[in-house]
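Let's take a friendly walk through this model together, starting with its empty spaces and ending with its backbone. Keep the viewer open as you read.

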Amino acid sequence: GRDFICIQSMDGMLMLFEQESYAFGRFLPGFLLPGPLTYSARTDSFITVSSCRQVESYKYQVLAFATDADERQETEQQKLSSGKRLVVDWVLNIGEQALDICVVSFNQAVSSVFVLGERNFFCLKDNGQIRFMKKLDYSPSCFMPYCSVKEGTINTLVGNHSKMLNVYQDVTLKWATQLPHIPVSVKVANLQDLKGVIVTLSDSGHLQCSYLGTDPSLFQAPRVESREINYEEFDAEMKELQKIIKEATKTQDILPKSEKHRDLIVTAEVSPDLDAESKAIDSEVKAEAVPSVTVKVTIQTRVTAQKPNLAVCVQAPLAVTCDQFVFDDLEPDSSETVVLSVFLKGNFCPSELEGICVVSYDTPTGIPKVAQCNFRLPLRLICVPAQASKAANHKLTIDTNKSPISFLTIFPDFVDPSEDDQANVLGFQFLTGSKTTLLASKTSQRYRIQSDQLEDLWLITKELTLRLEEHFKKQNCKDFACTFSGSIPLQEYFELIDRHFELRLNGEKFQELLSERAVQFRAIERRLLTRFKDKTPAPLQHLDTLLEGTFREVIALADAAEENQANMFQAFTKLKSATHLVIMLISLWQKLSTDQVAVLEATFLPLAEDTQELGWEETVDAAISYLLRTCLSKSSKEQALTSSSQLCMPKDTSRLKKNITLFCDRLAKGGRLSLSTDSATQQAAVMPGGCTTIPESDLEERTVIPGSTATLPSHGQMAKQKSKP
């Protein structure tokens, strides 16, 4: 009727208490580290696993009559006086450390000692003999033997570090189930009316009660009344269903349709004013002050969003103060807000003033999803108001169908209201140093943009058209339109292409030279190593000087290649700006639809990044060649031509420039852009009179023209050509 307690200390001492009174203490022999300990009531023994990786059993009676543990060192007097040495009852070597020991005794099964090792679990008899053992192919974390319904067997629950719970009947695996956590302890309990509840505890303290199997379905299908089958009705219904299926397969999209109510919405709000104190970090711009603008990103979710990750991207040379945000799981109807700043980092102008926010997250069912939004950055981020310049190398004229609007109205952030002369003339100076001038005609419905660099015209032209569209949209004017009737500046555009291609060729040369110098460096190293290993020392014959010189050449070539890479990136950004400008001018000149502009952008801007392996020139050349063979072909012979399936860097840009000129020429003659398969057959109907064959000699003559522009016929000239017999 009393409680006995046995406590094992870290130094290998067993302390036994009767109720609250200390009875005695004994040191286990050969002790190093404590192992699992249990008590067998059937044999009145303590069973443990020692550091020798063996199971040891000590009788309580032997412990009680053994030498007292007050002192670890035995004296001669203690050896001769009362007391006996602590002797083990039985020992079994299992060859591995044990995680847990459990003694079980059920009515239908004999008393057994279960030991869970690192790779096996053992079932032992009371005398230490093995009843059975099971080799595990996983790393166990806990176990629990319990009563089996089959006589003479014992069931065992074994948890592992793969979040699995396995049920064994003796050594046979009967069931395996997935847990949401790694169990460190498992028990079987009866809770009120629930019998056989599995209780698990995780290392973070989560307690879970669960059961095996599934919820029973109490639904019973009603009996079907027998009736006569009307085959005519079934046949009519089958035809109707087949018709619906046929229509659905025709109009089915590859991508799923957008949901009306999205589970997660991300919005980006750009501050209307620049930051009072700039947040620019490590900017390479040489201007006195580099401004920054604040962007506030808000994530709103209607469902549980697991592991949400926000990425904010802007095109180089623009940069953000922080581009990655990781949040905790978002609850339903909750929101998160982050604030960041955007600034100009590189010392050249970007090709786009737009950014994108992308949120990736998992639904509770494990489905990965993505939500995104775009935001537009202010023009003041990269340029400031400046004095207008009259002289310029490049000029563009944009025609509209409305009277010119004062710059005080559409550019209030750049115009000083006190200066009346800025109503029709406005100057922009980029932070990189270049200038652009914008002029509005007082008599005609035209705007002129001029600059010394072709690529600098793009952002100002785009900003002008966007602000004009927004202005007339506020005025509820729906018929506003911009047009372009001048010459496409192809010659200046070709100069930018040649500059970019020249840097790509330089990159290949640097790569070849670096490879040669590296081979030379390794060869000198091998010779020096051979000389140093030789038992009879020999003169180096200036190999060390040659090694040092080669090393300096490798470093110099690497620096030059790195500088060329940076210059190529700048050239590619300028080329993208000029390409955007050419696409806009072609779309305004030919009044292209949104779909046709999308085809144009996919043709001229196929790459977000330019590399030595896959460059802009060969990619664009392949895309334009495809359009010239399909929707812009002039005969069936061209459609039958095939091109090389492998893209490689060309020797020069002459073929690309010819194809671009031919592309614009066929658009001028009525060609229309389309990617549909039947566009080639419809081209004759779309283009009155068809495309006449252009001799190669004539094409070469028209490629380079005085005035640095490509001569392309206007609509009036086309009408005159058609009226001629």
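How many nonpolar, polar and charged residues does the lining of the largest cavity have? The answer is four nonpolar, no polar and four charged residues. Please keep in mind throughout that this is a predicted model.

## The cavities

The count comes to three cavities of 30 Å³ or more. In the largest cavity there is about 80 Å³ of space. Its lining is made up of L353, E354, R376, L377, L459, K462, E463 and L466, so you can select the whole set at once if you wish to see how the four nonpolar and four charged residues are arranged.

Helix 5 gives the most to this lining, with four residues. Seen by domain, at least three lining residues come from each of domain 2 (264–380) and domain 3 (385–469).

## The largest pocket

Next comes the open space. The largest pocket has a volume of about 560 Å³. Its lining counts 24 residues, and those closest to the pocket centre are T465, E469, M584, S587 and L588. Two or more lining residues come from each of helix 5 (457–474), strand 32 (482–483), helix 7 (543–590) and helix 8 (594–604).

Helix 5 appears here again, giving the most to the lining of the largest pocket with seven residues. By class, the pocket lining holds twelve nonpolar, four polar and eight charged residues. Where does the largest pocket lie with respect to the domains? It lies between domain 3 (385–469) and domain 4 (490–669), because both give residues to its lining.

## The chain as a whole

Stepping back, the protein chain has 14 helices and 32 strands. Of its 725 residues, 40% count as buried. If you take the contacts between residues at least 6 apart in sequence, 59% of them join residues at least 24 apart.

## Strands and their partners

Strand 6 (residues 54–59) and strand 7 (residues 90–93) run antiparallel and are joined by four bridges. One pairing to look for is E56, whose bridge partner in strand 7 is V91. The side chains of strand 7 alternate: W90 and L92 are buried and point to one face, while V91 and N93 point to the other and are not buried.

Strand 17 (residues 194–202) and strand 18 (residues 207–210) are also antiparallel, with four bridges between them. Here V199 has C209 as its bridge partner in strand 18. The hairpin of these two strands has four residues between the strands, and G205 takes a positive phi near 95° in it.

## Residues worth a click

T298 lies in strand 20 (residues 292–301). Is T298 buried or exposed? With a relative accessible area of 16%, T298 falls under the 20% limit and therefore counts as buried. Beyond its neighbours within four places in sequence, T298 is in contact with I265, V266, T267, E336 and T337.

A523 belongs to helix 6 (residues 490–533) and is partly exposed, at 29% relative accessible area. A523 and L547 are 24 residues apart in sequence, with 9.4 Å from C-alpha to C-alpha. S593, in the loop between helix 7 and helix 8, is partly exposed too, at 35% relative accessibility. S593 and L673 are 80 residues apart in sequence and 9.5 Å apart in space, C-alpha to C-alpha.

## Backbone angles to check

Most residues other than glycine have a negative phi, and most peptide bonds are trans. Against that background, R53 has a positive phi of about 65° although it is not a glycine. R53 sits in the loop between strand 5 (45–49) and strand 6, and is partly exposed with a relative accessible area of 39%.

K591 has a positive phi as well, near 55°, and is a residue other than glycine. K591 is found in the loop between helix 7 and helix 8, where a relative accessible area of 62% makes it exposed. Finally, which peptide bond is cis, with omega near 10°? The bond in question runs from A316 to P317, and P317 lies in the loop between strand 21 (306–314) and strand 22 (318–320).

Note on methods:
Residues are numbered from 1 along each chain as its sequence is written. This is a predicted model: local features need pLDDT of at least 70, side-chain atom pairs count only at pLDDT 80 or more; totals for chains, interfaces and linings use all residues. Side-chain values use heavy atoms; hydrogens and water are left out. On a 1 Å grid over the protein atoms alone, a cavity is a set of points where a 1.4 Å probe fits but cannot get out, and a pocket is an open set with protein on both sides within 12 Å along at least five of seven lines; lining residues have an atom within 4 Å of a point. Grid points are joined across faces, edges and corners, and a volume is the space filled by probe spheres set on the points. Ala, Val, Leu, Ile, Met, Phe, Trp, Tyr, Cys and Pro count as nonpolar, Asp, Glu, Lys and Arg as charged, and the others, Gly among them, as polar. Domain bounds come from an automatic or database domain assignment. Buried means under 20% relative accessible area, exposed over 50%, partly exposed in between (1.4 Å probe, protein chains only). Two strands pair if DSSP finds at least two bridges between them. Contact means heavy atoms within 4.5 Å.
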